[in-house]
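Here is a friendly walk through a two-chain model, starting where the chains meet. Have the viewer open as you read.

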Protein chains: 2
Amino acid sequence: MNALDTILNHRSIRKYKDKEIPKEILDQVLEAAIRTSTTGNMQVYSIIVTKDVARKKELHKLHFGQDMVLQAPVLLTFNADFNRFNKWCEQRKAEPGYDNFLSFFTASIDALLAAQNATVAAESLGLGVCYLGTTTYQAGKLVDFFNLPQGVVPVTTLVIGYPDEKPNLVDRLPADGVVHYETYSDFSEKDIDIIYNEKESLEETKDLLKENNLETLAQIFTQNRYPKQMNVDFSKLFLEVIKNQGFMNQ
Amino acid sequence: MNALDTILNHRSIRKYKDKEIPKEILDQVLEAAIRTSTTGNMQVYSIIVTKDVARKKELHKLHFGQDMVLQAPVLLTFNADFNRFNKWCEQRKAEPGYDNFLSFFTASIDALLAAQNATVAAESLGLGVCYLGTTTYQAGKLVDFFNLPQGVVPVTTLVIGYPDEKPNLVDRLPADGVVHYETYSDFSEKDIDIIYNEKESLEETKDLLKENNLETLAQIFTQNRYPKQMNVDFSKLFLEVIKNQGFMNQ
């Protein structure tokens with residue numbers, strides 16, 4: 001399948017077969033990640049492969065008990081990582097100046113672009129993936145779990161394995177909701193109504209509202225999935241991790 | 001070409017033909033970006049397409065005068081963007097709680113994964129791309145240039161067009177430098193020597209050292225490309241932009 005079809009056929013997979021990923025297949029996924037272009041070709045990210053069943057059980061708890069973490073044979077945790085680069089500088093009579101927020105963000109860019117390349121490569125090889133947004137919530141605990149040194153912060157995780165489901169393609173907003181030409185064209189009330197119309201009209205949206213006894217889909221997000229206090233609490237924690245890992249010395 | 005080959009053949013393109021990208025081709029690139037999986041399917045990112053020659057000239061200046069910005073027919077600026085989502089919440093009796101750092105980072109993840117999907121899609125369609133790391137340095141000026149409302153921060157830019165060069169594949173570190181199994185295996189001095197050996201032995205590295213009259217490749221990074229004071233200055237600016245755009249209220 002060509003790259004475009006692979007991308008357009010993406011669905012997040014939350015049920016996996018009890019089937020290992022052969023080493024040569026996993027190596028191809030990792031190679032694709034490693035080919036990603038990075039800032040100044042510094043490659044300031046790292047990937048941790050988890051296959052060990054006991055360790056997956058621990059990660060299952062850390063990632064809020066999502067079953068797919070136990071089912072899938074492999075987890076890939078992507079880190080913003082200046083540790084190796086800093087060590088290299090120090091061994092080469094060069095003084096690294098990467099203990100600041102910009103460098104954390106630069107390294108996060110590298111890690112995230114690599115994660116998406118791994119995703120596309122995995123899917124082209126018949127694997128399925130799902131991102132774990134809980135990675136930033138639990139970054140501090142993951143630092144301990146993986147024994148991450150200074151200069152390393154986890155930013156996302158991919159669950160990866162052979163799909164045991166084929167969900168329908170999930171809706172996306174019309175292009176007008178996402179793409180702007182030349183300048184940012186801000187949205188009127190009417191624009192917002194039009195952009196969200198399809199999503200709000202879906203049967204599954206109606207079911208969701210009934211289940212949760214809420215009036216609007218937006219409330220599902222603000223009250224149930226991503227409520228303000230949770231975001232505020234995890235914000236503080238995540239900023240603390242970034243600081244503790246040595247990225248706030250500007 | 002299948003997705004894996006597209007990814008493995010990536011090279012950043014810095015010379016472009018004077019040739020437009022047909023609308024249907026650019027639309028396919030944008031569609032690929034829009035299919036990217038995002039946090040809770042919120043799609044909290046946006047893409048600004050720049051084609052106007054006069055506006056490209058302004059962006060050329062903002063992005064430190066890199067010639068490819070003028071040559072390439074299209075620039076795509078990717079933003080972390082909670083503006084649309086917040087407006088939707090407010091119109092739907094839902095109180096958004098996304099004015100914090102975690103939400104900024106969540107939105108950045110969405111934007112960056114979408115950018116890499118756009119990259120792979122573009123390359124599979126015969127286009128070339130190059131990322132502009134200057135986006136975070138100049139985020140504040142880009143906010144003004146694109147007239148970005150609260151809740152929107154530029155995080156990366158893709159230059160995109162038909163390649164007028166075919167550079168060699170650029171070196172990457174061996175997998176041992178990037179991939180860890182089960183726990184993070186930190187690097188000994190010897191490990192660092194081995195991991196960087198190939199890169200340090202390249203002819204182009206030797207040429208670079210001669211040109212710059214420096215002793216080690218690491219010094220090229222710490223003294224010329226990404227010196228500490230520059231990182232510190234741009235860190236402060238970038239954090240200020242994140243705050244001004246309304247993402248630091250935790």
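## A crossing between the chains

Helices α9(A) and α5(B) are roughly perpendicular to each other, because an angle from 65 to 115 degrees counts as such and theirs is about 95°. Please keep in mind that this is a predicted model. The first partner, α9, covers residues 189–201 of chain A, and the second, α5, covers residues 83–91 of chain B. Their axes lie 10 Å apart.

Which residues of α9(A) and α5(B) meet? From α9(A) come A:E189, A:I192 and A:Y196, and from α5(B) come B:K87, B:W88 and B:Q91. Sorted by character, the residues of this contact are 3 nonpolar, 1 polar and 2 charged.

## The wider interface

Zooming out, 98 residues of chain A are in contact with 97 residues of chain B. Which helix of chain A gives the most to the side that touches chain B? That is α6, residues 101–124, with 12 residues. On the side of chain A that touches chain B, 49 residues are nonpolar, 32 are polar and 17 are charged.

## Chain A as a whole

Now for the overall build of chain A. DSSP runs give 12 helices and 5 strands in this chain. Its radius of gyration is 20 Å, close to the 18 Å that the globule rule gives for 250 residues, so chain A is as compact as a globular protein of that length. If you like box dimensions, the C-alpha trace spans about 60 × 45 × 35 Å along its principal axes.

Buried residues account for 51% of the 250 residues in chain A. Taking contacts between residues at least 6 apart in sequence, 79% join residues at least 24 apart.

## Helix α8 and its surroundings

Helix α8 of chain A, residues 139–146, is worth a visit. Its buried residues are A:A139, A:L142, A:V143, A:F145 and A:F146. Why do these residues sit on the same side of α8(A)? They cover an arc of only 165° around the axis, which puts them there.

What do the buried residues of α8(A) pack against? Their partners in chain A include the strands β1 (45–50), β2 (74–81) and β4 (152–161). The helices α3 (53–62), α7 (134–137) and α12 (228–244) of chain A are also among the elements they pack against. Just after α8(A) comes A:N147, with a positive phi near 60°.

Definitions and conventions:
Residues are numbered from 1 along each chain as its sequence is written. Chains are lettered from A and ligands numbered from 1 in the order in which they are written. This is a predicted model: local features need pLDDT of at least 70, side-chain atom pairs count only at pLDDT 80 or more; totals for chains, interfaces and linings use all residues. Helices (H or I, at least four residues) and strands (E, at least two) are DSSP runs, numbered from the N terminus. The radius of gyration is taken over C-alpha atoms; the globule rule is 2.2 Å times the number of residues to the power 0.38. A residue is buried if 20 or more other C-beta atoms lie within 10 Å of its own, exposed if 12 or fewer, and partly exposed in between; C-beta atoms are placed from the backbone. Two residues are in contact if their C-beta atoms, placed from the backbone, lie within 7 Å. The arc is that of the directions from the helix axis to the C-beta atoms. Axes are lines fitted to C-alpha atoms, for helices over the stretch in contact, and angles run from 0 to 180 degrees between N-to-C directions. Angles under 35 degrees count as roughly parallel, over 145 as roughly antiparallel, 65 to 115 as roughly perpendicular and the rest as oblique. Ala, Val, Leu, Ile, Met, Phe, Trp, Tyr, Cys and Pro count as nonpolar, Asp, Glu, Lys and Arg as charged, and the others, Gly among them, as polar.
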